[in-house]
Amino acid sequence: MTSDPGPEVLRYTAFSADPAGGNPAGVVLDAAGLDEERMLAVAAELGYSESAFLTERVGGGAYPIRYFSPKAEVPFCGHATVAAALALAERDGPGELEFATAAGPVPVTVVREEGRLRATLTSVAPHVEEVAEADLAEALAALDWPAADLDPALPPRIAYAGARHLVLAAATRERLADLEYDFARLEALMHRLELTTLQLVWREGPEVFHVRDPFPVGGVVEDPATGAAAAAFGAYARELGLVAEASVLTLHQGADMGRPGTLTVELRADDPRVRVSGTGARIG
C-alpha cells in the first residue's frame, strides 16, 4: 500500500526576475483531483499570499484556474496568474494563453525578452465606485492614518478589475513606508466591503507610483506584488483622469518588505480592460 504523494506544487515569484524579489506563488498545474478543502490546505501550508490551481483545458480552450490564500478562495489573483503562465510557458513554450477565472476570462501573453520570460495579463472589464465616508474613516482608523496624510489629488475610491480594492493615496513616501495597522479591525471592514486588498499608493511622478497592499482577509499582513490591485489601480487612474487615456504606468512594490518588484500597467484608448505585465522566476 502506498501513500498519496499529493500534487506537484511549483513555486514561482512574479514581477521580479530575482527569486528573492516580487511575490511568490504556488502553482499546481494538475489540480483535477483536488477538492476545495485540499486546495486551501496546500495554500495554507505554503503560506504565500495566493496559490493557483489549474486543470487541463479541453481542446484549445481556456485553462480553468482557482486561487486560494492561506485563509480563503479569491476570485482573481494577478501575481498567481503570471506565475501560472510562466510555469506553462516553461513547460510548453511562450505564446497565447487564456485562463477561466471566477471573475471571467483572462487572456495572458508570454514572450521571451533577452532570455527571460515576461507575461502580460488582460483584466476583465473594470469599474470604479465611490467609498462611503464612514467606511473611509474606519479604514483610516484601522491603518492609524490621519486624514491629513492623504494626497488630495488622488481621492479614495473602490476599484475593480477582477477583485475589489480600496485605493488610498499617501501624501508622502514616508507615510506609505510607515505601515502598522490593526489586523482584526481592517479585516472586518474588508469582509464587509468585499475587498481583497487595500491599494496604498504614493505618486513619485506622472506615471510612476509606489504601492503597498495590506491583505488581512487572506491571512497575511501584506502582499508583496499585487497584479489584481495593479489592474484595478490602472482603471482608477484612467477613470479619474490622473493619467492619459493611453498610458504605461510603472508600479514599484515590495521594497518595504525586502522583496522589491515592478509591475507595468498598460492602458489603451480603445479597450477598457487593463494590461499588467512582469517577469518572474522559479523558486528552488
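Let's start with one residue: Arg212 has a relative accessibility of 6%, and since anything under 20% goes down as buried, Arg212 counts as buried. Keep in mind that this is a predicted model. Arg212 doesn't sit there alone, as salt bridges that share partners join Arg173, Arg212, Glu222 and Asp256 into one network. From that network, here's a tour of the other salt bridges, one enclosed helix, some aromatic rings and the overall build.

**Around Arg212**

- One partner of Arg212 is Asp256, and the closest N and O atoms of this salt bridge are 3.8 Å apart.
- Arg212 belongs to strand β13 (residues 208–215), while Asp256 is in the loop between β15 (247–253) and β16 (261–268), so their salt bridge ties together parts that are 44 residues apart in sequence.
- Asp256 is partly exposed, with a relative accessible area of 33%, whereas Arg212 is buried.

**Other salt bridges**

- How many salt bridges does a search of the whole structure find? The count is 17.
- Another of them links Arg157 and Glu130, with 3.5 Å between the closest N and O atoms.
- Arg157 is in strand β10 (residues 157–160) and Glu130 is in the loop between β9 (127–129) and α3 (133–143), so this pair ties together parts that are 27 residues apart in sequence.
- The two ends of that bridge sit in contrasting surroundings: Arg157 counts as buried at 18% relative accessibility, but Glu130 is exposed, with a relative accessible area of 57%.
- Then there's Glu138 with Arg185, where the closest N and O atoms are 2.7 Å apart.
- That one runs from helix to helix: Glu138 is in α3 and Arg185 is in α5 (residues 183–193), so the bridge ties together parts that are 47 residues apart in sequence.
- Glu138 is partly exposed, with a relative accessible area of 24%, and Arg185 counts as partly exposed too, at 36% relative accessibility.

**A buried arginine in α4**

- Arg175 is part of helix α4 (residues 173–177).
- Is Arg175 buried or exposed? Its relative accessibility is 12%, so Arg175 counts as buried.
- Leaving aside residues up to four places away in sequence, Arg175 touches Asp144, Trp145, Pro146, Asp149 and Ala170.

**Helix α2**

- Helix α2 covers residues 78–92, which makes 15 residues.
- From its first C-alpha to its last, α2 reaches 21 Å, close to the 21 Å expected at 1.5 Å a residue.
- Why is α2 described as largely enclosed by the rest of the structure? Because 12 of its 15 residues are buried.
- The buried residues of α2 include Gly78, His79, Val82, Leu86 and Leu88, and several alanines are on the list as well, among them Ala80, Ala83 and Ala89.
- Right after α2 comes Gly93, whose phi is positive, near 100 degrees.

**Aromatic rings**

- A pair of aromatic rings is described by the distance of the centres and the angle of the planes.
- Searching the whole structure turns up six aromatic pairs.
- Tyr67 and Phe76 make one that is edge-to-face, with 6.0 Å centre to centre and 90 degrees between the planes.
- Both of those rings belong to buried residues: Tyr67 has 0% relative accessibility and Phe76 has 2%.
- Tyr181 and Phe183 form a stacked pair, 6.2 Å centre to centre with 10 degrees between the planes.
- Tyr181 is buried, with a relative accessible area of 13%, while Phe183 is partly exposed at 30%.
- Phe209, Phe233 and Tyr236 gather into one aromatic cluster.

**The whole chain**

- The protein chain has six helices and 17 strands.
- Its radius of gyration is 18 Å, close to the 19 Å that the globule rule gives for 284 residues, so the chain is as compact as a globular protein of that length.
- Along its principal axes, the C-alpha trace spans about 65 × 40 × 30 Å.
- Buried residues make up 55% of the 284 residues.
- Of the contacts between residues at least 6 apart in sequence, 64% join residues at least 24 apart.
- The accessible surface comes to about 11700 Å², and 50% of it belongs to carbon and sulfur atoms.

Key
Residues numbered from 1 in each chain as written. Predicted model: local features only at pLDDT ≥ 70, side-chain atom pairs only at ≥ 80, totals over all residues. Heavy atoms only, no water. Helix = DSSP H or I, 4+ residues; strand = E, 2+ residues; numbered from the N terminus. Buried < 20%, exposed > 50% of the residue type's maximum accessible area, 1.4 Å probe, protein only. Contact = heavy atoms within 4.5 Å. Salt bridge = Lys/Arg side-chain N within 4 Å of Asp/Glu carboxyl O. Expected span 1.5 Å × (residues − 1). Phe/Tyr/Trp six-rings, centres within 6.5 Å; stacked < 30°, edge-to-face > 60°. Rg over C-alpha atoms; globule rule 2.2 N^0.38 Å. Areas by Shrake-Rupley, 256 points an atom, 1.4 Å probe, with all protein chains shown as cover.
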